[in-house]
Amino acid sequence: MFHKLLFLQYIMQTVCKYCANILCESIIFFVIFVPKKQKINNMERIWSPWRSQYIDNLNDNDKKNKIEKKCFLCDAINSDGNSNKENLIVARREKCIIIMNKYPYNSGHTLIVPLRHIADFLELENEELVSIMNTIQEVVAAIKQLFNPHGFNIGINIGQSAGAGLPDHLHFHIVPRWNGDANFTTTVADIKIISHSIEDTRAKLAEILIQK
Ligand SMILES: [Zn+2]
């Protein structure tokens, strides 16, 4: 930092010697240092402004669901096999289900959901953990076969403050990623291009996963 300040002083003395006051120093400081700061903070982000309506409604829905004791994941789990399509269920496993995310970050965004309605990650039993991790592997392999993405984000949001849309029922996210999938249309125009329909993706993944 010190050598940068010396460099700045050198510029002040040579280029700007007739105007070497605080205002001028401030301008040069911002020209030289602020872009650097922005560059440090310019990490790659996955933008999801199309989810904002969903997020805005979360509190209302959460209150309503608490009063009515409703959980759409439990509804899907408890539904019969004939309504897998309308509930966006891809496949069922011994201790969890695979379901498409209705508000995806990307094509192929799926959720792995334990059958038990629990919020606390520490409550997951060993058999559930094994079943969930095996299922995550299965789904990653199926998405690779179907879409061949460049990468994945796999994770779990615990609690509303961590971004959980439905904090009362744990669920693991699998989000396929492509180079440049958070591009200028997302940032500038609030438009996210999801290139595959959720229903089609559900059907194709179901075909791969149910055959196993
Ligand atoms: Zn539930």
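**Exercise 1. Determine in which strand Thr 110 lies, and whether Thr 110 is buried or exposed.**

Step 1. Thr 110 lies in strand β3; helices (H or I, at least four residues) and strands (E, at least two) are DSSP runs, numbered from the N terminus. The structure is a predicted model, in which local features need pLDDT of at least 70, side-chain atom pairs count only at pLDDT 80 or more, and totals for chains, interfaces and linings use all residues. Residues are numbered from 1 along each chain as its sequence is written.

Step 2. A residue is buried if 20 or more other C-beta atoms lie within 10 Å of its own, exposed if 12 or fewer, and partly exposed in between, with C-beta atoms placed from the backbone. Thr 110 has 29 C-beta neighbours inside 10 Å and therefore counts as buried.

Step 3. Two residues are in contact if their C-beta atoms, placed from the backbone, lie within 7 Å. Leaving aside residues up to four places away in sequence, Thr 110 touches Val 90, Ile 98, Ile 99, Met 100, Asn 101, Val 139 and Ile 174. Thr 110 and Ile 198 are 88 residues apart in sequence, and their C-alpha atoms are 9.7 Å apart in space.

**Exercise 2. Establish the strand order of the open sheet and explain why β1 and β4 each have one side without a neighbour.**

Step 1. The protein chain has seven helices and five strands. From the N terminus on, its elements run α-α-α-α-β-β-β-α-β-β-α-α.

Step 2. The five strands of the open sheet have the order β1-β2-β3-β5-β4, with antiparallel pairing; two strands pair if DSSP finds at least two bridges between them. β1 and β4 (151-156) stand at the edges with a single partner strand each, so one side of each is left without a neighbour in the sheet. On average, neighbouring strands are turned by 20° against each other, direction ignored.

Step 3. Three bridges join the antiparallel strands β1 and β2, and a hairpin of three residues connects β1 to β2. Ala 91 stands opposite Ile 98 in β2, while the bridge partner of Ile 98 in β3 is Ile 112. β2 and β3 pair over five bridges.

Step 4. β3 and β5 pair over three bridges, and Thr 110 stands opposite Ile 174 in β5. α5 packs on the sheet, where it touches β2, β3, β4 and β5; its direction makes about 20° with that of β5. Such angles run from 0 to 180 degrees between N-to-C directions, with axes fitted as lines to C-alpha atoms, for helices over the stretch in contact.

**Exercise 3. Identify which members of the largest nonpolar core touch the most other members, and which elements give two or more residues to this core.**

Step 1. A nonpolar core is a set of buried Ala, Val, Leu, Ile, Met, Phe, Trp, Tyr and Cys residues joined through C-beta atoms within 7 Å. The largest has 22 residues, of which Ile 97, Ile 98, Ile 99, Ile 112 and Val 113 touch the most other members.

Step 2. The elements giving two or more residues are α4 (72-78), β1 (89-92), β2 (96-100), β3 (110-114), α5 (126-147) and β5 (172-177). Four of the five residues of β2 are buried.

**Exercise 4. Decide whether Gly 81 is buried or exposed.**

Step 1. Gly 81 lies in the loop between α4 and β1.

Step 2. Gly 81 is exposed, because 8 other C-beta atoms lie within 10 Å.
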